[in-house]
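Hi there,

Here is the structure I promised to pass on, with the sequence alongside. My notes on what turned up follow below.

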Amino acid sequence: MTSLAGTGVLLRFNLRRDRLMIPVWVAVNALMVLSMPNTLKGLYGTEAERADLLHQVATNASFRALIGPALGDSLGALTAWRVGVYAGALAAATSLLVVVRHTRDEEESGRQELIASGAVGRRASLTAALLAAGVANAVLALLVAAGLAAQGAAGAVAFALGLAAVGMVFATTAAIVAQLTESARLARGLTAAVLGAAFVLRAAGDSAKDDGSSVLTWLSPLGWLENLRPYAHERWWVLPLFAAAVALQGAVAYGLAGRRDTGMSFLPTRPGPATGRLGAAGALAWRLQRGGVLGWSIGFFLAGVVYGGLTDGVADLVGDNRNAREIVERMGGQSGLTDAFLASTTGMLGLIAALYVVASVLRLNGEETSGRAEPLLANPVGRLRWAAGHLTIAFGGAVLIMLLAGLGFAVGHGRDVGPILGACLVQVAGVWVIGGLAVLLYGVLPRAAMAAWGVAGAVLLIGWVGPALNVPQAVLDVSPFGHLPKLPGGEMSWGPVLVLLGLAALLVAAGLAGLRRRDLTT
């Protein structure tokens with residue numbers, strides 16, 4: 001038996017398990033990219049408007065740090081500029097989640113040991129995980145290349161290959177981290193931290209130079225993507241950098257995988273105290289989720305600072321472009337460009353906070369399927385008490401990160417903290433509805449609990465792309481965020497907020513009722 005025996009079977013199994021997650025996130029990423037050319041054509045339809053945009057970006061270091069340098073004035077080049085960094089980051093996030101799920105998650109739950117007892121090679125599981133990430137990135141590349149071909153075949157292929165290459169770089173990064181750590185949660189956190197560091201390096205480099213030539217930009221795989229320069233005299237020689245990084249990291253991951261036992265790691269966790277120090281189920285939930293809460297809190301505060309600092313430059317960037325102003329106002333209300341920008345960005349952070357609450361709620365599902373919940377519930381701990389600890393962190397954590405985002409806005413923009421905090425807290429109602437749907441799915445249909453990610457992805461897509469495409473209001477109203485008042489600047493309407501909070505409470509109650517009545521792991 002070779003070290004890769006059984007890889008094909010495991011790959012098919014992995015793709016079957018991810019039949020919801022991978023298509024949803026690939027579709028979100030592809031639609032985000034493919035919707036941009038028509039949007040940009042409506043915003044900057046003439047060469048003079050596009051030339052003015054390039055001048056504004058070249059002279060605004062803050063916007064370069066956030067989005068990257070604009071290296072060409074064609075619709076294809078502007079598409080790569082506008083969504084390239086974020087599409088690459090989303091491809092990277094999807095890849096790292098897939099790889100960690102099928103490597104360290106499987107070992108932590110004990111399923112990998114059962115698989116390894118069959119006719120399965122030592123490196124088959126790692127190979128199947130990387131191939132699953134490769135399938136996701138290949139489908140994304142095909143969709144992007146086909147969708148952007150009308151803007152120019154060479155640029156479409158370059159951009160598509162760059163996105164897939166960024167995803168595979170972080171897939172192999174996750175493969176290395178999965179060998180080093182003993183916890184899937186820590187593996188995801190460390191790989192996400194590497195992705196965050198790559199974004200920060202690129203942002204620092206792009207803020208310093210307007211052509212992507214900074215050394216800091218070249219230290220980041222996201223910087224390699226923009227230096228590939230799709231639709232701006234493509235630099236095909238950048239692609240071998242991605243290939244070398246993937247090959248090198250893959251070799252390291254395979255080397256580490258062959259030198260450790262299943263379930264073990266090179267950086268084992270420290271043993272706990274001889275006697276337990278956690279006296280309640282809620283304390284255990286906090287111990288399990290505190291790292292995630294801390295990471296999201298820091299990220300939202302820094303995002304608030306960055307977006308707050310950009311607020312004063314929005315008027316210069318939009319200028320006299322009526323279409324651009326209409327999109328900002330469609331997302332943030334009609335109360336003036338500055339307030340509309342703040343409202344739209346707080347709304348975007350609310351959409352992202354929905355990802356946090358889904359991840360936190362589904363920690364219950366992870367504890368159950370891994371077998372860790374059953375021994376706990378065998379003690380005098382009721383199901384509702386156990387679930388309440390995790391749900392308090394999920395829903396309370398959503399409030400915390402939005403508060404910190406508001407404080408970040410106040411720091412970055414220097415305006416009164418009250419209105420912007422109110423704007424951020426209003427988003428909590430929409431976030432809680434998504435969290436309630438996740439609780440309902442977990443409590444009533446645990447096998448379909450992962451579909452909560454699809455709901456969050458669909459809501460994110462509607463809120464991000466819908467206003468730019470001028471979709472009907474009926475479509476925007478499918479999302480709970482479409483019913484929230486546009487703050488700051490707009491009129492506060494308590495009716496929709498209270499209705500959404502009531503709906504969230506009903507969804508949570510129904511989910512908990514289902515949890516009480518069903519068998520575990522069924």
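Let me start with threonine 39, which is buried, because its relative accessible area is 7% and the cut-off for buried is under 20%. Please keep in mind as you read that this is a predicted model. Threonine 39 sits in helix α3, which covers residues 36-43. Its partner in space comes from far along the chain: threonine 39 and valine 465 are separated by 426 residues in sequence, yet their C-alpha atoms are 9.4 Å apart.

Next, the salt bridges. Searching the whole structure gives eight of them. Three link parts of the chain that I think you will want to look at together.

The first on my list joins glutamate 106 and arginine 17, with 3.0 Å between the closest N and O atoms. This pair connects distant parts of the chain, since glutamate 106 belongs to helix α7 (residues 104-109) and arginine 17 to helix α1 (residues 7-17), 89 residues away in sequence. The two ends differ in their surroundings: glutamate 106 counts as buried at 4% relative accessibility, while arginine 17 is partly exposed at 23%.

Then there is aspartate 18, whose side chain meets that of arginine 101 in a salt bridge of 2.3 Å, N to O. Aspartate 18 is in the loop between α1 and α2 (21-34) and arginine 101 is in helix α6, so this contact ties together parts that lie 83 residues apart in sequence. Here both residues, aspartate 18 and arginine 101, are buried.

Aspartate 105 also takes part in a salt bridge, with arginine 188, and the closest N and O atoms are 2.9 Å apart. Because arginine 188 is in helix α11 (residues 184-208) and aspartate 105 is in helix α7, this pair too ties together parts 83 residues apart in sequence. Arginine 188 is partly exposed, with a relative accessible area of 26%. Elsewhere, Arg363, Glu367 and Arg372 are joined into one network by salt bridges that share partners.

Now for the helix packing, where two pairs are worth a look. How are α6 and α9 oriented, parallel or antiparallel? Helix α6 (residues 75-102) packs against helix α9 (residues 124-148) at about 155°, and their axes are 8 Å apart. That angle is over 145 degrees, so α6 is roughly antiparallel to α9. The crossing of α6 past α9 is right-handed.

The other pair is helix α22 (residues 417-444) with helix α25 (residues 494-517), which pack at about 15° with their axes 7 Å apart. This angle falls under 35 degrees, so α22 and α25 are roughly parallel to each other. In this case α22 passes α25 in a left-handed crossing.

On the surface, which residues make up a nonpolar patch? They are Leu201, Val215, Leu216 and Leu219, and together they have about 340 Å² of accessible area. Leucine 219 is in the loop between α12 (215-218) and α13 (221-227), and it is exposed, with a relative accessible area of 53%. One more residue to view alongside the patch is valine 200, in helix α11. Valine 200 is exposed, with a relative accessible area of 54%. Between valine 200 and leucine 216 there are 9.1 Å, C-alpha to C-alpha, with the two 16 residues apart in sequence.

Lastly, some backbone geometry you may want to check. The loop between α13 and α14 (239-257) holds arginine 229, and histidine 233 is found in the loop between α13 and α14 as well. Arginine 229 has a phi near 55°, which is positive although the residue is not glycine. For histidine 233, phi is near 60°, again a positive value in a residue other than glycine. Are these two residues buried or exposed? Arginine 229 counts as buried, at 18% relative accessibility, whereas histidine 233 counts as exposed, at 75%.

Happy browsing, and do write back with any questions.

Best wishes

How values were computed:
Residues are numbered from 1 along each chain as its sequence is written. This is a predicted model: local features need pLDDT of at least 70, side-chain atom pairs count only at pLDDT 80 or more; totals for chains, interfaces and linings use all residues. Side-chain values use heavy atoms; hydrogens and water are left out. Patches are made of residues with over 30% relative accessible area and no salt bridge: like charges are joined within 9 Å, nonpolar side chains (Val, Leu, Ile, Met, Phe, Trp, Tyr) within 5 Å. Accessible areas come from the Shrake-Rupley method with a 1.4 Å probe; for residues, only the protein chains shown count as cover. A salt bridge is a side-chain nitrogen of Lys or Arg within 4 Å of a carboxyl oxygen of Asp or Glu. Helices (H or I, at least four residues) and strands (E, at least two) are DSSP runs, numbered from the N terminus. Buried means under 20% relative accessible area, exposed over 50%, partly exposed in between (1.4 Å probe, protein chains only). Axes are lines fitted to C-alpha atoms, for helices over the stretch in contact, and angles run from 0 to 180 degrees between N-to-C directions. Angles under 35 degrees count as roughly parallel, over 145 as roughly antiparallel, 65 to 115 as roughly perpendicular and the rest as oblique. A crossing is left-handed if the near helix is turned anticlockwise from the far one by less than a right angle, and right-handed if clockwise.
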